[in-house]
Amino acid sequence: MTNAPLEDYQIVDGHVHFRGLEWTEPLLDLMEAVPLACINLVSTPNPDTINQNADQIYLKTRYPGRFYASGGLDYVQVAGQGAMDDPARRSALLGAQVRKLEAIGFDGLKLIDGKPTARQRYGLPFDSPAYEGMWAALEELQFPCVCHVADPETFWDRDRIPDWALKNGWFYGEGAYPSKEGLYSEIDRVLERHPSLQIIFAHFYFLSADLERAARFLDAHPTVCFDITPGAEMYNNLTRQYDAARAFFTTYQDRIVYGTDTSTRGIAQDGVEHPLAKARYVRAFLEGEEPFTPSPLIPHWLEDDLEAIRPLALPEEMLVKIYHANFECLYGARPAPLDEEAARAELARMADVIDAGEGERPENPAREVLERLG
Ligand SMILES: [Zn+2]
């Protein structure tokens, strides 16, 4: 069977970081170039601007139907109310934040607190009482969540960590970082308590080197999915165990979600060509017939021991699921409408909190969005 031409698929990118309204046009250009029907924006906490929820509200308001928003938590509120070290209060606050996001018209939640560097800044273990209210709210509302847990195993190994990861400060072999297995154990305990959580684990849950374990995990937890956002180590690992990878994608074709982890930081550095190269690489892996090498813009997406990435050449009915149907099972067939009044009230609250923060406040995205929306 021959696949439909690339542009014929309806594609939702399930994992895109957007921060800074000046990148709106480049993002729309990217959507046209890939092409993408919709994007799921994922928001992460930030001590200066709280998170990227304001930017998400802007895009959802201006371009209805094009953007899903997975909002971020507000740790500034948690700290401001002195609840950082008070598990019961923190649990109540985070649970209330989830309910508020849902009421405003966000489509889901983004959790980055399973990435070791983020864990150091904000986090407690996912299975700690401080997160209990959040998990309970997510489960009760069936509110989906894109969750980052762990990182590639080489990031804990001084001899194997890639240079670019070292430069990003992602070496976890020393210091107070959690272990990869420790992070997985936290999630196991959370899913034991909350077995119907709707979670997309980002980056294949960093289990691409161990497909048997990945299969056991998906079998044990029927309501969760993996996204295939790089970590490009994933595509190298899958190439190394090609037959098993193809079998995995066939067996779990209902549990895999397309995504690229595109960020406006990347667009700011290298322009739209950079995320476009990433999207083309992921699509070539899923759709292509011939082994390929990455664009010169992303040379490290081919590891030294391999000559090329070998694509899966998946049939059309599987591609349709990975490109949008699986995502839509969790997030709905179209983005939720915003309650504009509730969204404005939240923007105003955030704007005041950002203004009241310590030190210089060169940017206040919540205020900017409020002004732009008029
Ligand atoms: Zn990401």
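Modeller: Let's start with α12, which supplies the largest share of the lining of the largest pocket, seven residues. Please keep in mind that this is a predicted model.

Colleague: Happy to start there. What makes up the rest of the picture: how much space lies in the largest pocket, and which residues are closest to its centre?

Modeller: The largest pocket holds about 1500 Å³ of space. It is lined by 47 residues, and N168, W170, D261, S263 and R265 are the closest to the centre. Elements giving two or more residues to this lining are β1, β4 (108-114), α5 (116-122), α7 (163-167), β9, α12 (264-270) and α13 (273-287). By residue type, the lining divides into 18 nonpolar, 18 polar and eleven charged.

Colleague: D261 caught my eye. What makes it a donor of the zinc ion?

Modeller: Distance decides that. The cut-off for a donor atom here is 2.8 Å from the metal. The protein donors H15 (NE2), H17 (NE2) and D261 (OD) lie 2.1 to 2.2 Å from the zinc ion, so each of them qualifies under that limit. Water is not among the atoms, so the site may look incomplete.

Colleague: How are the donor residues spaced in sequence, and where do H15 and D261 sit?

Modeller: The spacing is H-x1-H-x243-D. H15 belongs to strand β1 (residues 12-17), while D261 is in the loop between β8 (256-257) and β9 (262-263); the pair links distant parts of the chain, 246 residues apart. H15 and D261 are both buried.

Colleague: Let's turn to another pair. Why is Y281 with W301 called an aromatic pair, and what is its geometry?

Modeller: Ring centres must lie within 6.5 Å to count as a pair, and planes over 60 degrees apart count as edge-to-face. For Y281 and W301 the centres are 4.9 Å apart and the planes are at 85°, so they pass the distance test and are edge-to-face. Y281 is in helix α13 and W301 in the loop between α13 and α14 (316-331), so the pair ties together parts 20 residues apart in sequence. Both residues are buried. The count for the structure comes to 31 aromatic pairs.

Colleague: And helix α2: why is it described as largely enclosed?

Modeller: Eight of the ten residues of α2 (residues 53-62) are buried, so the rest of the structure largely encloses this helix. The buried ones are N53, A54, D55, Q56, I57, Y58, L59 and K60. They pack against α1 (24-33), β2 (38-42), β3 (67-71), α4 (87-104), α15 (340-355) and α16 (365-373).

Colleague: What makes the space lined by I57 a cavity rather than a pocket?

Modeller: In a cavity a 1.4 Å probe fits but cannot get out, whereas a pocket is open. The search of the whole structure finds one cavity of 30 Å³ or more, and the largest cavity has about 40 Å³ of space. I57, T61, L338, E340, A343, R344 and L373 line it. α2 and α15 each give two or more residues, and α15 gives the most, three.

Colleague: How do you know how many of those lining residues are charged?

Modeller: Asp, Glu, Lys and Arg count as charged, so E340 and R344 fall in that group. The full division is four nonpolar, one polar and two charged.

Definitions and conventions
Residues are numbered from 1 along each chain as its sequence is written. This is a predicted model: local features need pLDDT of at least 70, side-chain atom pairs count only at pLDDT 80 or more; totals for chains, interfaces and linings use all residues. Side-chain values use heavy atoms; hydrogens and water are left out. Donors are N, O and S atoms within 2.8 Å of the metal (3.2 Å for Na, K and Ca); water is not among the atoms, so sites may look incomplete. Helices (H or I, at least four residues) and strands (E, at least two) are DSSP runs, numbered from the N terminus. Buried means under 20% relative accessible area, exposed over 50%, partly exposed in between (1.4 Å probe, protein chains only). Contact means heavy atoms within 4.5 Å. On a 1 Å grid over the protein atoms alone, a cavity is a set of points where a 1.4 Å probe fits but cannot get out, and a pocket is an open set with protein on both sides within 12 Å along at least five of seven lines; lining residues have an atom within 4 Å of a point. Grid points are joined across faces, edges and corners, and a volume is the space filled by probe spheres set on the points. Rings of Phe, Tyr and Trp (its six-membered ring) pair if their centres lie within 6.5 Å; planes under 30 degrees apart count as stacked, over 60 as edge-to-face and the rest as tilted.
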